[in-house]
Every structure is written in C-alpha cells, then in structure tokens.
Amino acid sequence: MAQFKSDFLNVLDQRGFIHQGSDLEGLDALAAKEIVTGYVGYDATATSIHIGNLITVTLLYWLQETGHRPISLMGGGTSMVGDPSFRDDQRQLLSVEKINTNIESIKRVYSRILRYGDGPTDAIMVNNADWLLKLNYVEFLRDVGRYFSVNRMLSFDSVKLRLDREQSLSFLEFNYMIMQGYDFVELNRRYGTVLQMGGSDQWGNIINGVELSHRMGGAQLYALTTPLLTTSSGQKMGKTANGAVWLNGDLFSPYDFWQYFRNTEDADVEKWLKIFTRLPLDEIARIAALGGSEINEAKKILATEITAIVHGREAAEQAAETARAFFESGTSSANLPTTTIDRGPNEEWQLGRTTAAIIVASGLVSSGSEARRKIEEGAVRINDRLISDPKEIVFWQDLYEDTGAFKVQLGKKKVVLVRPV
RNA sequence: GGGAGAGUGUCCCGAGUGGCAAAGGGGGCGGACUGUAAAUCCGCUGGCUAAGCCUUCGUAGGUUCGAGUCCUACCUCUCCCA
C-alpha cells in the first residue's frame, strides 16, 4: 500500500490495523496537518472488556502516541438498546444500575493504556447516556430519523444474519444503528470528533454516522475499521472454554492471560506482536523470523509484553516466571492460580477428601462427573502423581510444604493450587 | 383478526413422529505425536451418595404401561392475507 503522509496512518498500516476506511486519503491529509480527535465506542454489557476490544483500545493508544486526541466512549445509552450487529438472537435487556456498575468496572483498563487529562492530546472518556437519554422522541425522529432509509438499513450485512435466519429483529434493536450514527454527530458537535474507529463488524454502524453528518449538513467525518481477530486456523479470537478472555484480572487472571498468548499459533505470532505490543517493527521482524521451536521465545515475549500492557509489568514478569517454573523446572510456585477447599466439619472429612472432590474444588472441571471422566482419561495429577481412582482419599498431611496446598493438574498445561481452609 | 410453519441435549447447527440420555456435524476438553504451536489420529462432551437413580427436547396440563414424538391450552418467532 502507498505510504501515508501522517504518522498515524503509517503506523496503523504497518502494524496491520487497517481493514477498511472511508476516504483514507482525506483522513491522512487531515492527520498530517492538525490534531485529529477520534473515538471508539464500547458496550457496557459486561463488567470487563475482552481481547476483542483490546485491539481498538490499542488503536486509540497509537492515535494518542502519534499526536492526536482519543476519546473512549462508554455506551451507557446504547447498551440500553443492545447492538444487533451479526447476532442471531436478541440481547437481554440490561438495567440502568447494571450498566453503570459495568462502566465503573470497565474504566480501570483504559487508564492503564491511555493518558487522560485536559491537554490537547489527552484522552477523554465520555458516556453517551449523557445525551441519548435526554432525547425527545418526536423531535429526534424529525431531526435525525428522517435521514435514515429503512430500505437501506435492512440491506446491511450486520442484520442479514438475523433476517436470513428468520429471527426477530425488534424495533428497539433496529434503532441501535441510528443511535450510534447520532453519537458520532453529537461527538463532532461537542468535541470536534471527526474519526470513529471500531472492529470490522462496526463498519455499517460507523458509516451511518458519516452519512448522517453529511445529510445533516455537518462536518466531513471519517470511518476506520480493524480486521476481525481470528487465529490462522480460522477461529474467533478470545474465546476459551470458560468464555471470553477478559482484561480485568478478577475475571481472568494475569497468569491465564499470559498463558493464552503463550499458546499462540506459530502463524499468528508476528501479527499479534504488531497489533498488541509496542515493540519496534524491526525488532518484531527479527524475533518473528525465529524458526522451528525457537519461535517459542517469540511467544514468551509476546505474552509478557501484552500482559504488561494490560496488567502491568510486574504482574507480567511474575506470570512469566511462574510459567517458567512450572513448565521448564517442573516446580510449583506459590504464584500459580489458587482455589480453596473446605476441610469440613464432618468426621469423615477429618483425614482428607476424595480426589474427585479436590479436582472439583480446583475449578478445572465443573462437576463430579467430569472429574471422574478426566480421571479415567488419565488426565489428572495431584501432587505430580497420576490419579486413577476418583474415590481415593488424598490426606491433608500430603500437602506440599512449600505452598501449603495440593497441586492439581488437568492435562499438561492447566495447573491450580488447592488450599484447604 | 384469519391462514401456514417453526421452537430439540442452556456453546452452535441439526436428525428424530410412541420404548430415547436422544443420530450426525462444528466447537470444546482429554490422550498420542510435537515445541506449552499447527496438522493428523483416538477418546470424551446432562447430574448424582453411580453397574442404580434423577433431570432434559418452548411452557403448562392430558392420553398411554411408556411421550421429543399423540391431544389441549398458552408463550415466542417467521411467512402470507386483512
């Protein structure tokens, strides 16, 4: 692709952030001569954002880093409606209280990555509930609704899935794209925002804002989307057995987070290094070129760098060290994820608990049946001993002395310390 | 308001019209091979005090020795007509 004039687009281009953009040349020219204010909107549907969102937060990081002003928009208003894009079912309606708690919880991650403040390129955080909840229905329809064509809205890919499956698309949800379009216009009025960015699934929603501004006689706005994160084998990124890879440590521990990236497929290492880390491109090129098993070194760097960005350098180093101890030295560190097991008041629990009970307590399986199955499959080790009987009693006196806990392993990679209380 | 259809193992898709813990995929998990990779092969994928018992096919009733399957009502959705 041709070289851009602005640092901003050059960085994004070289690192593989650009999937689609409206009038990239115009945006480039603008970014080359003045400070551009750009934003990304985030749902408040959970208490944390996940890996899929991290790519756009990083986008905001680079926006700021190249001399512009990022806005992180909390969807306090739009989350009341629920984005139907590429979903085949209706979202559950969230209460106002829930949305607000979610926003409070989500905020923490951003301040680690972006620099907030009052300066010209300091990031600001806004909530679209501030204007969306005050709208007057008829007024809004007349001022904004008149510019939306239902015919055109129905033609968007984002709602096709729903329509093709003959699933209901409620009028409530149908309004989501109108609200998001209006957000863009409103942010332009309030903060001179001219750029909205997001994942490729947001293209339709973003373009709606660009066109709305145009039709309302407002400023020229720009859209930019990032590629959808998929692994080379075609799977959606960020999903594990337990759900999404959350950025908040209480939902997904730094150790597990580090492990998630340590297990990156070979083919994805360079792509992830460019997108998620801040390492210089020439260094990325060097470590990504490592062949064969040496690529594992690159994966460790990748895991540590991303974990440092999200959880802090110290937590990242600790996760790396914990993993090194477990995988390379075979020792168990007290920093491994830990759960507890009740010693219990019962007489029969005086001496210990069954292997099955301990595995369940580790959280590695969700039921006694699953624990039995895993034992039969030869997948379980307690204190480094292969377990074959789910009814066998493990005695309290067999605790590992250094950690004061049982070391429970499921498979080759998952390990949890279970501490009696 | 009238007519025609749909809702299956709480990850998804999807067979099943009286004997069903319910075919087959995908995904996920475990094992083998490796490098904590990919690909490939094999196994597992409702719960429990476990050769037994309990719960599950939109919801609630009913028929039957026995219901995902038949009947009734209701809910949700889709399409056509008004």
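Helix α18 supplies the largest share of the surface near RNA strand B, giving five residues to it. The model examined here is a predicted one, and the contact between protein and RNA is a good place to start reading it. Altogether 33 residues lie around RNA strand B, and those that come nearest are D266, S367, S369, R373 and K412. Of the RNA atoms that come within 4 Å of the protein, 64% belong to sugar and phosphate.

Several polar contacts give this surface its detail. The side chain of D266 places an N or O atom 2.6 Å from a base nitrogen of RNA strand B. S367 and R373, by contrast, address the phosphates: an N or O atom in the side chain of S367 is 2.7 Å from a phosphate oxygen, and a polar side-chain atom of R373 lies 2.6 Å from a phosphate oxygen. Two or more residues of the surface come from each of α12 (254-262), α15 (295-311), α16 (313-329) and α18 (368-376). By residue class, the surface near RNA strand B holds 13 charged, 13 polar and seven nonpolar residues.

Turning to the sheets, one is open and has five strands, in the order β9-β15-β14-β11-β12 with mixed pairing. Its edges are formed by β9 (338-341) and β12 (385-386); each has a single partner strand, so one side of each is left without a neighbour in the sheet. Strand β15 (414-420) lies between β9 and β14 in that order. Its pairing with β9 is parallel and rests on four bridges, with T340 matched to R419 in β15. Its pairing with β14 is antiparallel and rests on five bridges, and here F406 has V418 of β15 as its bridge partner. How enclosed is β15 by the rest of the structure? Five of its seven residues are buried, so β15 is largely enclosed.

The hairpin of β14 and β15 has three residues between the strands, and within this hairpin G411 adopts a positive phi near 70 degrees. Further along the sheet, β14 (residues 406-410) also pairs with β11 (residues 380-382), in the antiparallel sense and over three bridges; I382 stands opposite V408 in β14. Helix α17 (residues 355-362) lies across β9, β11, β14 and β15, and runs at about 135 degrees to β9.

A further open sheet has six strands, ordered β1-β6-β5-β2-β3-β4, again with mixed pairing. Here the edge strands are β1 (20-21) and β4 (124-127), each of which pairs on one side only. Strands β2 and β3 (residues 69-74) run parallel and are joined by six bridges, with T37 opposite R69 in β3. Helix α4 (residues 96-113) lies across β2, β3 and β4, running at about 160 degrees to β3.

Just after strand β2 comes a residue worth a closer look. S48 sits in the loop between β2 (37-42) and α3 (51-65). Is S48 buried or exposed? Its relative accessible area is 4%, so S48 is buried. The side chain of S48 reaches the backbone nitrogen of L247 at 3.3 Å. Leaving aside residues up to four places away in sequence, S48 touches I106, W246, L247, N248 and L251. One of these, I106, belongs to helix α4, the helix that lies across β2, β3 and β4.

Terms used:
Residues are numbered from 1 along each chain as its sequence is written. Chains are lettered from A and ligands numbered from 1 in the order in which they are written. This is a predicted model: local features need pLDDT of at least 70, side-chain atom pairs count only at pLDDT 80 or more; totals for chains, interfaces and linings use all residues. Side-chain values use heavy atoms; hydrogens and water are left out. A residue is near a molecule or strand if one of its heavy atoms lies within 4 Å of it. A polar contact is a pair of N or O atoms within 3.5 Å; within protein, one must be able to donate a hydrogen and the other to accept it, and residues adjacent in sequence count only if both atoms are side-chain atoms. Ala, Val, Leu, Ile, Met, Phe, Trp, Tyr, Cys and Pro count as nonpolar, Asp, Glu, Lys and Arg as charged, and the others, Gly among them, as polar. Buried means under 20% relative accessible area, exposed over 50%, partly exposed in between (1.4 Å probe, protein chains only). Contact means heavy atoms within 4.5 Å. Two strands pair if DSSP finds at least two bridges between them. Axes are lines fitted to C-alpha atoms, for helices over the stretch in contact, and angles run from 0 to 180 degrees between N-to-C directions.
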